[in-house]
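Welcome, and please get your viewer ready. We will take a short walk through one model, one selection at a time.

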Amino acid sequence: MRFSIRLALPLALVIAAVAFVVTPLIDRYTQKWFVRDLDIRSRLVSEVLRDELATFDAKEIATASSRARVQRTLDRLVRDERIYALAICDANRQKIAATDTFAAALTCNEATSNPADRGEVVQAKNGPLHLFIADLSLSDGTVVHSVVAHDVSFMTKRSQETRRAFFGLFLFLLVLVASLSVLVAHLTWKGWLRGVRELLDLAKSTPKISRKLLARAVPELRPIARDLRDWAHEAARASGQRDPSQITWSPEALRSILQKELSGEEILIVSNREPYIHTRVGDTIQVQVPASGLVTALEPVMRACSGTWIAHGSGSADRETVDRGDHVRVPPKKPAYQIRRVWLTPEEEKGYYYGFANEGLWPLCHIAHTRPTFRSEDFEQYRKVNALFAKAVLEEAKTQNPVILVQDYHLALLPRLIREKLPEATIITFWHIPWPNSEAFGICPWREEILAGLLGSSILGFHTRFHCHNFLDSVDRYLEARIERETMTISYGSELTKLNAYPISIDWPPRRLEEVATTEECRRRVRERHHLSAGTLLAIGVDRLDYTKGILERFNGVERFLDLNPSFRGRFSLVQIGAPTRSNIFQYRQFVEQVRAEAERINTKFAADGSPTILLLERHHEPEEIFEYFRAAEMCLVTSLHDGMNLVAKEFIGARDDEDGVLILSQFAGAARELPEAIVVNPYDVDQCADAIRLALALPIEERRMRMKSMRAYVQEFNVYRWAGRMLIDAARLRRLAGLKRSRTEGLEASFSDFR
Ligand code: F6P
């Protein structure tokens with residue numbers, strides 16, 4: 001409203017001024033201009049008549065023949081369409097000769113009362129006429145008057161036309177100027193916006209990038225841009241290090257850390273497992289997201305940071321989907337980063353993955369009472385494959401100091417192999433599984449090589465401080481290294497490695513929530529799918545079929561619960577999603593057999609009571625399907641016998657935006673340290689497990705809400721972006737220290753005592 005008044009009022013004033021002041025003014029001037037023109041023309045006609053009449057004297061002019069001659073001249077002259085009438089009047093104001101039109105409009109008396117030799121516009125009978133009276137001398141000196149009358153109605157017509165044309169032109173110009181102004185303002189505004197945006201980019205950019213941006217900045221803004229950049233860089237320098245607890249962790253925050261702290265370096269992630277597996281099913285190629293905590297955590301990080309994820313191409317259609325450089329862009333629906341696939345022969349995979357990694361290191365690190373098996377031929381393959389991954393890293397690295405995130409126990413030798421080739425690289429290694437005590441670790445025949453390999457890292461992360469200490473103890477026991485327990489740093493050879501606990505997490509809000517139905521709908525669908533009666537109470541377990549996950553102990557807990565609480569028989573079911581895993585390994589095959597047998601035994605035991613007690617779903621489930629089960633369940637059972645973190649627990653929390661659902665969590669999962677609101681159990685204690693299930697069903701809704709709300713708030717804050725961001729911040733600080741080391745000769749060790 002105020003805007004339209006502000007716009008309309010000046011516009012109305014301008015139009016009124018044009019209509020009532022400018023147009024009449026123009027009118028007057030054009031009239032004057034016409035009159036002057038008519039004066040000149042009339043004077044010319046008068047001159048013609050003067051010449052004609054100069055040949056007569058007073059007597060002659062009175063004769064009929066002379067009059068007729070003069071009349072002819074007048075008639076000839078009046079043929080000019082602009083001359084309306086002509087007359088010659090004598091000194092007594094009597095007509096000597098005149099055109100017909102004269103008589104109709106005027107008399108000599110009227111006409112000659114006007115001053116001579118000057119044009120005047122008079123109102124005649126037929127309308128306005130321009131009259132020009134000239135005194136003409138005959139040959140004897142007698143004075144007669146010529147009257148030249150022009151019709152000036154054309155003047156009015158022309159003046160109207162001029163006025164109209166002018167007004168039209170004015171309006172046209174008004175619209176044109178207004179449109180141009182709007183356009184220019186818009187472009188200027190856009191230019192400024194772009195300029196301001198560039199300024200902000202500049203402030204956020206690294207010195208290297210800022211030089212390029214500055215050259216591109218809007219010229220008028222360049223001085224401000226320079227000041228802003230200098231100020232921002234100064235502020236960044238002054239702040240020295242970011243405080244992770246002050247950051248709201250999101251994909252954007254992570255990107256900004258990368259940009260500001262690590263000069264926008266492209267990230268390379270290296271892991272055995274790839275985040276997207278292409279599998280051939282008949283004529284089609286299907287894409288699978290593997291059941292892996294590592295993938296769950298790192299995939300959103302890669303979406304945020306882009307870069308390259310180097311991993312084993314294990315899918316049956318993986319080779320069909322890569323380009324010539326063995327790259328494929330993912331996620332398939334909205335590519336944000338690329339996978340670089342590393343190909344392994346069946347022999348390499350057998351020795352490296354199934355053998356040393358999963359029959360050796362996996363049981364070694366998990367206290368799950370499965371004996372590790374170490375074979376030298378497996379370790380040979382492990383060495384070989386780690387070297388293959390190192391080669392891929394070198395091929396993908398675009399600079400001498402890339403940021404490389406090495407993942408897990410499959411690639412323990414990789415950090416050192418990279419360090420040897422890229423001494424300035426920032427290598428962040430994360431060990432996703434527990435680290436055993438030094439005695440247990442000592443079982444590994446190649447313990448020194450494994451430790452030395454990991455100490456090629458700039459940063460080595462574990463889920464808990466407990467595992468960090470176990471690692472320090474192992475180094476202390478088996479290597480010649482300098483250990484600073486206070487700062488958790490290890491100096492080995494010329495390398496320095498910083499150890500820290502970085503509890504892994506999930507993205508927040510979980511992306512899957514966008515696609516799932518309401519909890520009510522999920523409940524309805526799950527019950528319908530498994531033919532469960534409407535009142536059936538559901539528990540959910542989601543695991544790879546791995547002996548470390550405590551699946552048998554879980555089943556036993558359920559059985560005990562039903563033994564002790566018979567009223568729940570037939571109306572309590574555990575849906576156990578079991579993702580097939582490592583089935584080439586005997587212990588895994590054997591374990592699956594045991595799981596099946598136990599489920600069958602328990603189901604048979606309670607068969608008469610209604611709904612089946614255990615629904616064992618032995619297949620790969622996509623994350624969306626798993627979220628549906630999470631939302632449908634009364635409780636989630638995580639009963640690992642030993643687990644680095646266990647992200648299933650956090651994903652269950654992420655899925656419950658209705659703030660309901662109870663988490664039963666093993667005290668031996670890293671997650672138990674972070675989530676005391678869960679019902680924490682010892683999975684080996686069958687009575688405690690049974691009791692936990694009974695308690696979960698008995699908790700009033702208010703308490704369930706309170707617990708879930710609190711866990712959700714925690715996971716939201718301590719999400720996966722914080723996990724990755726903290727490591728990147730620490731890595732950035734290390735890089736700065738390394739820079740100092742190069743510029744000073746004292747060495748890095750002195751500086752490291754500050755690194756807490
Ligand atoms: O979560 C521990 C972990 O070893 C991951 O590192 C790994 O990706 C996951 O288990 C699944 O194992 P796999 O990759 O052998 O299927």
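## The whole chain

Start with everything shown: of the contacts in the protein between residues at least 6 apart in sequence, 69% join residues at least 24 apart. Keep in mind as you go that this is a predicted model. Colour by secondary structure and you will find 26 helices and 23 strands. Of the 756 residues in the protein, 53% are buried. Switch on the surface next: the accessible area is about 35,200 Å², with 54% of it belonging to carbon and sulfur atoms.

## Into the nonpolar cores

Hide the surface and select Tyr382, Trp431, Ile450, Phe471 and Phe572. Within the largest nonpolar core, which has 91 residues, these five touch the most other members. Now add helix H11 (residues 346-365), which supplies the largest share of this core, 9 residues. Colouring by domain is helpful here, as domain 2 (253-501) and domain 3 (516-718) each give the core at least three residues.

Zoom in on Tyr382. What does Tyr382 touch, not counting residues up to four places away in sequence? Its contacts include Tyr352, Phe356, Ala357 and Leu361, along with Tyr409, His410 and Ile450. For the next stop, select Trp249, Trp309, Val526 and Ile729; they are among the 84 residues of a second, separate core. As background, nonpolar side chains in soluble globular proteins tend to be buried together.

## A buried glutamate

Select Glu299, which is found in helix H10 (residues 293-305). Is Glu299 buried or exposed? Glu299 has a relative accessibility of 4%, so it counts as buried, the cut-off being under 20%. Show side chains and look for two polar contacts: one of 2.6 Å to the side chain of Arg303, and one of 3.4 Å to the side chain of Arg511. Leaving aside neighbours within four places in sequence, Glu299 is also in contact with Pro275, Tyr276, Trp309, Pro331 and Tyr337. You have already met Trp309, as a member of the second core.

## The ligand

Finish by centring on the ligand. Which of the 13 residues around the ligand come nearest? They are Arg273, Ser292, Tyr353, Asp408 and Arg582. Try your distance tool on three side chains, each paired with an oxygen atom of the ligand:

- Tyr353 has a polar side-chain atom 2.4 Å from a ligand oxygen.
- Ser292 places a side-chain N or O atom 2.7 Å from a ligand oxygen.
- Arg544 has a polar side-chain atom 3.4 Å from a ligand oxygen.

On its own the ligand has 370 Å² of accessible area, and the protein covers 91% of it.

Technical notes
Residues are numbered from 1 along each chain as its sequence is written. This is a predicted model: local features need pLDDT of at least 70, side-chain atom pairs count only at pLDDT 80 or more; totals for chains, interfaces and linings use all residues. Side-chain values use heavy atoms; hydrogens and water are left out. A nonpolar core is a set of buried Ala, Val, Leu, Ile, Met, Phe, Trp, Tyr and Cys residues joined through side-chain atoms within 4.5 Å. Buried means under 20% relative accessible area, exposed over 50%, partly exposed in between (1.4 Å probe, protein chains only). Helices (H or I, at least four residues) and strands (E, at least two) are DSSP runs, numbered from the N terminus. Domain bounds come from an automatic or database domain assignment. Contact means heavy atoms within 4.5 Å. A polar contact is a pair of N or O atoms within 3.5 Å; within protein, one must be able to donate a hydrogen and the other to accept it, and residues adjacent in sequence count only if both atoms are side-chain atoms. A residue is near a molecule or strand if one of its heavy atoms lies within 4 Å of it. Accessible areas come from the Shrake-Rupley method with a 1.4 Å probe; for residues, only the protein chains shown count as cover.
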